[in-house]
Amino acid sequence: MSSLFLQARRAARMNPSIIREILKVTEKPGILSMAGGLPSADTFPVEAIKAACDKVLTDTPREALQYASSEGFAPLRQWVAERVKALGIDAAPEQVLITSGSQQGLDLVGKILCDTGAPVAVETPTYLGALQAFTPYEPLFTSLASDHEGVRPESFARLAHDAPGTRFAYLLPNYQNPTGRVMSEARRAEVVEAARAAGVPIVEDNPYGDLWFDAPPPPSLSSRWPEGSLYLGSFSKVLTPGFRLGYIVAPRELFPKLLQAKQAADLHTPGFNQRVVHEVIRDGFLDRHVPSIRARYKANRDAMAEALKAHLPAGCEWQIPEGGMFFWIRLPEGFDAMALLDTAVEAGIAYVPGAAFFAQQPDKRSMRLSFVTLTPDLIREGVAVLGRVLREQLERVEEHAP
Ligand SMILES: Cc1ncc(COP(=O)(O)O)c(C=O)c1O
């Protein structure tokens, strides 16, 4: 039956997030889910937030509950400009746009930089949510060759031929979602130089950079090429995602367009949330709080690393992440992580099949495991079940081998 509503071409391009669809199945009671990308709720500083809400509502109730400026709460913009200095970014508060999560930042970037058919370069694999955010603006995705450190510098030289007019390269140098990989300092230098030589600006997304385990990551990509880079940050993984607070640090020439896009999208990010978060973090709270998240996640990472070594069959490959929230597993020849998911869920565990994170040519043999939502004991139990599921599948694959 034809509909009264003729939908836009961009609506036809939108898809439900495969992860959210999978989570509906996998977050059932009794399933040990390593699928979700959620930070551990045990790390949320509830008492500090409660006190800050009370203070904001006592000191500035009417200002906090009124419409606010599209740019963001001035003291929070100031805080961000100070904070990113540690990443080598020298930006004025006027270059900081507070967004409703960095996910909105990605949407605004798509809105002002993408055009139908114009190329956008992404890592292989990349953050699924960015593909979703950019897709309605109808870019042509080009996958940049990547390895265990992220994007390979020589892939930029090919863009001039394969994807002329590439609008930007979307890069995740720190503990990338989904692979957990981090870019070395040498690679950063090469990548930025290659992007600059190719005339391709960088959109740097860094929600996980503070979640390092042994040593902080090298300075940001943006610090090496400030006029050619947009930097996206988030409070979701260091405080709580519930406030939906992120930010873009943009070159001055781009800021007015981003601001117009932001105004059109939602006028402003909730002023109450911004004031509460600023109240919590203004006195160095994150410097005391984030180390406790790191310690917890590191213990979880260690538990998963040990369990994977003990239980996964030969032929599976992975890197031990030095921060962030994810392991990325490559299964042996002949495996299809999506096809295996039902069996895994029946056995009581869940993961995210990796194929969804590829803009082109999905790798069916990959899967993402989060190590931050289960306790170390449950991680060990879950990985043991995963190992059993994989070994049984391996026997089936070998039986059918010619
Ligand atoms: C790489 C990456 N970018 C952006 C986001 C969105 O984060 P936010 O909660 O700030 O919107 C996520 C969320 O998981 C992410 O993994």
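Ala, Val, Leu, Ile, Met, Phe, Trp, Tyr, Cys and Pro count here as nonpolar; Asp, Glu, Lys and Arg count as charged; the others, Gly among them, count as polar. This is a predicted model, in which local features need pLDDT of at least 70, side-chain atom pairs count only at pLDDT 80 or more, and totals for chains, interfaces and linings use all residues. Residues are numbered from 1 along each chain as its sequence is written, and side-chain values use heavy atoms, with hydrogens and water left out.

**Cavity and pockets**

The search for spaces runs on a 1 Å grid over the protein atoms alone. A cavity is a set of points where a 1.4 Å probe fits but cannot get out. A pocket is an open set with protein on both sides within 12 Å along at least five of seven lines. Lining residues have an atom within 4 Å of a point. Grid points are joined across faces, edges and corners, and a volume is the space filled by probe spheres set on the points.

The structure holds 1 cavity of 30 Å³ or more. The largest cavity has about 60 Å³ of space. Its lining consists of Thr179, Gly180, Arg181, Val182, Gln319, Ile320, Pro321 and Glu322. By class, that lining has 3 nonpolar, 3 polar and 2 charged residues.

The largest pocket holds about 1,100 Å³. Its lining has 40 residues, and Arg20, Gln103, Tyr127, Gly129 and Gln132 are the closest to its centre. Helices (H or I, at least four residues) and strands (E, at least two) are DSSP runs, numbered from the N terminus. Three elements, α2 (18-26), α6 (101-113) and α7 (128-134), each supply at least two residues of the lining of the largest pocket.

The second largest pocket has a volume of about 420 Å³. Of its 26 lining residues, the closest to its centre are Arg83, Leu87, Asn206, Gly209 and Asp210. Two or more lining residues come from each of α5 (74-83), β9 (229-234) and α12 (285-311). The largest share, 5 residues, is from α12.

The table sets out the linings by class.

| Space | Nonpolar | Polar | Charged |
|---|---|---|---|
| Largest pocket | 22 residues | 12 residues | 6 residues |
| Second largest pocket | 17 residues | 5 residues | 4 residues |
| Largest cavity | 3 residues | 3 residues | 2 residues |

**A helix pair**

Helix α13 (residues 337-347) and helix α14 (residues 376-400) pack at an angle of about 135 degrees, with axes 10 Å apart. That makes α13 oblique to α14. Axes are lines fitted to C-alpha atoms, for helices over the stretch in contact, and angles run from 0 to 180 degrees between N-to-C directions. Angles under 35 degrees count as roughly parallel, over 145 as roughly antiparallel, 65 to 115 as roughly perpendicular and the rest as oblique.

From α13, Leu340, Thr343, Ala344 and Ala347 meet Val385, Val389, Leu390, Gln393 and Arg396 of α14. Contact means heavy atoms within 4.5 Å. The contact residues divide into 6 nonpolar, 2 polar and 1 charged.

**Backbone in the loops**

Most residues other than glycine have a negative phi, and most peptide bonds are trans. The bond from Thr124 to Pro125 is cis, with omega near -10 degrees. Pro125 sits in the loop between β3 (119-123) and α7. The bond from Asn177 to Pro178 is also cis, with omega near 20 degrees. Pro178 belongs to the loop between β7 (169-171) and α9 (185-198).

Glu138 has a positive phi, near 60 degrees, and is a residue other than glycine. Glu138 lies in the loop between α7 and β4 (140-144).
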